[in-house]
Structures are given as structure tokens and as C-alpha cells.
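Me: Mind walking me through this one? I'd like to know what backs up each label.

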Amino acid sequence: MTDTHAHYLIVGSSHAGREALAAIRMADPKGRLVMLSREGRMPYSPTILPYVASGRSQPDRVGLADAEWFTENAAELVLNAQVVAVDPAARAVRLADGRRWTYDKLLLATGAEPVVPPVKGLDRVRYHVLRTLDDALSIRERSTQARRAVVLGAGLVGMHAAETMAAAGLDVTMVEMRPHVLAEYFDPKASALIRQTFERHSVRMMMGRRLLWAMETVPGSCRLGLDDGTELEADLLLVAAGVRPAMAMLADSGITIDKGILVDDRMRTAAPGIWAAGDVAQARGFLTGVPVVNGTLPEAVEQGRIAGMDMASDPDLIPYGGGIPLNTYGFFGRHAMAVGTAAVPEGDGIETVTDEGNGQNGYCRIVLKDNRLIGLAAIDRVMDAGILWRLILRRTDLSPVRQQFLSHPLETARALMSRGWR
Ligand SMILES: Cc1cc2nc3c(=O)[nH]c(=O)nc-3n(C[C@H](O)[C@H](O)[C@H](O)COP(=O)(O)OP(=O)(O)OC[C@H]3O[C@@H](n4cnc5c(N)ncnc54)[C@H](O)[C@@H]3O)c2cc1C
């Protein structure tokens, strides 16, 4: 046994890795447990980064786990340890600096990394991405000198960042190639309501446009050309055009990958002794049964917990039931929520009921299939995402309470819960 051998080796120190570590320790207080992180910092949550970038949160307030937490859990954290190769046959990983760790059980919780689209000239201008604390600090530093910001991509990262930049006084333009903001989560009407709120706060929303070229004007600033001929000037360019699972270390490893690392309902990969969880994993989707990468925080937590329990052979493990997307999203003092497949159009057995609240009382769209809830999106309505998530998970037949559910979804779901779920 060497000092670079761990019974449990976790790669990645964010939500999935942290949850796995805690779950392992619940079942096995003894086996050597080591977490490797490519960063030189203590673990933190990426979700808070837009607030660090805008200056609203301090970098020391975003921690997920401190040194004391690792001591309490009898676990070691190794920083500046970037895994570049995995050798399943030797049960070993290699780090960028040549070090090698061996393991009995390995969890890959390496998350996702930003995708930068192949735009002419983009590699010759200064642009930012937002996934790490260093990224956020670099945006923050640039914001103090910038007046005009352009955000490429209207997904969650871009929307959060645009809002905080606008609140910090920058002149913000968003460019999105799809016709709607947050199109993965919200239907076009809900997206339009969110977009209008941004416009009311002076964020310029350029939807359905594609960035074609970028060119430096003065050092740090650039001119951007869109496919409709529009030209924009930016002192700060944020590329938030999506993410992809961070799995480059698996090239030549023989581990089965598709869009992410393919895992079963215990988060096991095809290689013995190797698990994967969180944004890097591709696990069963609840509604379709097809494996999907569901890159959200609640999924990373759930998958990390299951992986940790299975690694430590916890007898209480309940295998993964499949991923159901869930997002709660606050913007400019308003509140939106989407659970399940809330953005799908009507048809193919899918029924949708929309309540626009006479323009006064928020917005709600319910999506049913065979009288079972499969998705719900709401803006400025009191909702409990957890209860609705559970209603989807239980595939509850809503026929007996259909009208009641369509007019009062949350109250009806609560009543069903207290009657039948105990
Ligand atoms: C700005 C922003 C806002 C977001 N907002 C929301 C939100 O509102 N709601 C929501 O549900 N989700 C949100 N997300 C997504 C959410 O943060 C992720 O789903 C979640 O962090 C995934 O956790 P994870 O542990 O799988 O991966 P990550 O959080 O990506 O962490 C992976 C870790 O692995 C490390 N790592 C990667 N490769 C290696 C390697 N080769 N060797 C060693 N270490 C490595 C990384 O440094 C990182 O610490 C947001 C993300 C961002 C960036």
C-alpha cells in the first residue's frame, strides 16, 4: 500500500463529489477517502459565480466545504491535481504533473466545461467564460473598466450573468441563436415573459441571431458581427454558449461514453470499480428512459449521493429513478420555476393547459400525458417544485381530480400528497 493509494478516490470537488464523499462516510467510516481537484482552491458552488462576477458576493462566501469539513469526514483533499488519464486495468489515474494515484473505487465527478463556438476571429479577442471562481474574478476585474457587455447565449449561465452585469450598471446586450431564452426549460410564452423583464431592465435581447465574426478594436475590447448585419461593440464579451461534460481524461480508457459518461441506475460505468455522477454523467431520463446529461444542481446532488452509497455498499441505497429536470430561477425580483418537460409542444398524446393570469397573476403552464403530470412551468406563482417533482415521479393518475388540479395545481398536489404519500 502506498501513500498514493486510496480505497475511494473522487475526482472533482463540487456538488456531485461532495455529496458522494458524505454518503461514503455515512456507510464506511474507515476506508481511505481522497478527493482530487484540479483547482488550487477549496470547493465552491458554480451557481453563485455570477454574483462574484458582479461583486455582489465575496469569493470567500461561496465555499461548499472547508478544511474542518474534510477533517470531520476523515477525508483528504488534494488540490492542483488535474487527472489527465484513467487506466481502468491498472486501477490508476495519472495527473497533469506526472503523479499517479491508484484506487480500489473511483468516482468521476468532473462536471462540465464551457463550449466556445468556432467563430471567426474569436480566438484573437479577449473573451470570458464563467465556470470557475477564477473566471468570475476575471470578469469582475474587467467589469470595473468596461461599459458595454455582450453575453453570447441565453441559457442559465448567460441569463444570470447578464442580470448581474446590468444590475452593476453595465450596458448589456444578449445574443442568442435560438428564438427564445432558456429554451430547454420554458415554453415560448414563459420565455417571452422572462425576456420582456430583461428588456424592461434595459438589457438588449437579440434573439434568433448568430455571431459570425469578432475583431479587436482596442486591447480588451472588440467589435462583433451578427448574421443579420448588426455590429456590436463590447468591452466585455462573455461566451455562455453551453457546456459539455469534462471527460477528456477518458480518451483511450475504454470507458463507454456518449454525450457524457454512460452510467446505470447505481451510477456505475461500464468499467469495474468506476462510477460517474453529476454534469459529466449520462444517466437514465425518467420520462423517456433514454440516457441524458441533465446538468443541474439537484441532479448532481442526487447522483453523487447514489454513487457514494453504492461505492460504500450501503444497504439502504435506492437506485436512481431517472432524471427529471428541475429549475427554480429568480430574475429581477421575479420568480420562475420549471419541472419536468415543461417546454414540449402539444401533440402526440401531450396535452397542455396554460393560465396567463389575465396578465396580473403570473403564468402557469401544465403539461399532461395520459392525465399524468409530465411538466409544469410557472412565473410569479407560489409553487413547490419538490412536490410537483414528486407528483411526476409517482406517475399519479390525475383523472379523479383533473379540473381541480388544472385550476389549483399546487394545492391539489399537496392534498394528494397528504392523502396518499404517507
Ligand atoms: C454560472 C452558473 C450558474 C448555474 N446556475 C444553476 C442554477 O441556477 N440551477 C442549477 O440547477 N444549476 C445551475 N448551474 C449548474 C450547476 O452548477 C451544475 O449542475 C453543478 O455544479 C454540477 O456539479 P458537478 O459536481 O457535477 O460538476 P461541477 O460543478 O462542474 O464540478 C466539477 C469539478 O471537477 C473538477 N475537475 C474537472 N475536471 C477535472 C480533472 N480532470 N481533474 C481534477 N478535477 C477536475 C472541476 O475543477 C470542478 O471542481 C450553474 C452553473 C454555472 C456555471
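**Labels and what backs them**

Reply: Sure, starting just past a helix: Arg395 follows α8 and has a positive phi, near 50°. Keep in mind that the model is predicted.

Me: What makes Asp384 a cap for α8?

Reply: Asp384 has a side-chain oxygen 3.0 Å from the backbone nitrogen of Gly386, at the N-terminal end of α8. A polar contact needs N or O atoms within 3.5 Å, so that pair makes the cut.

Me: Which residues of α8 are buried?

Reply: In α8, which covers residues 385–393, they are Ala385, Ile387, Leu388, Trp389, Leu391 and Ile392. The word means that each has under 20% relative accessible area.

Me: Now the domains. Why is the Lys189 and Glu356 pair called a salt bridge?

Reply: Their side chains meet at 2.9 Å, N to O. The limit is 4 Å between a Lys or Arg side-chain nitrogen and an Asp or Glu carboxyl oxygen, so the pair qualifies. The assignment puts 116–241 in domain 2 and 333–421 in domain 3, and two salt bridges are counted between those domains.

Me: How do you know that domain 2 and domain 3 touch, with C-alpha centres 32 Å apart?

Reply: Eleven residues of domain 2 are in contact with eleven of domain 3. Contact is about heavy atoms within 4.5 Å, so the distance between centres doesn't decide it. The area buried between the two is about 860 Å², with 65% of that from carbon and sulfur atoms.

Note on methods. Residues numbered from 1 in each chain as written. Predicted model: local features only at pLDDT ≥ 70, side-chain atom pairs only at ≥ 80, totals over all residues. Heavy atoms only, no water. Domains from an automatic or database assignment. Buried area = accessible area lost by both parts, 1.4 Å probe. Buried < 20%, exposed > 50% of the residue type's maximum accessible area, 1.4 Å probe, protein only. Helix = DSSP H or I, 4+ residues; strand = E, 2+ residues; numbered from the N terminus. Polar contact = N/O pair within 3.5 Å; in protein donor to acceptor, adjacent residues only side chain to side chain.
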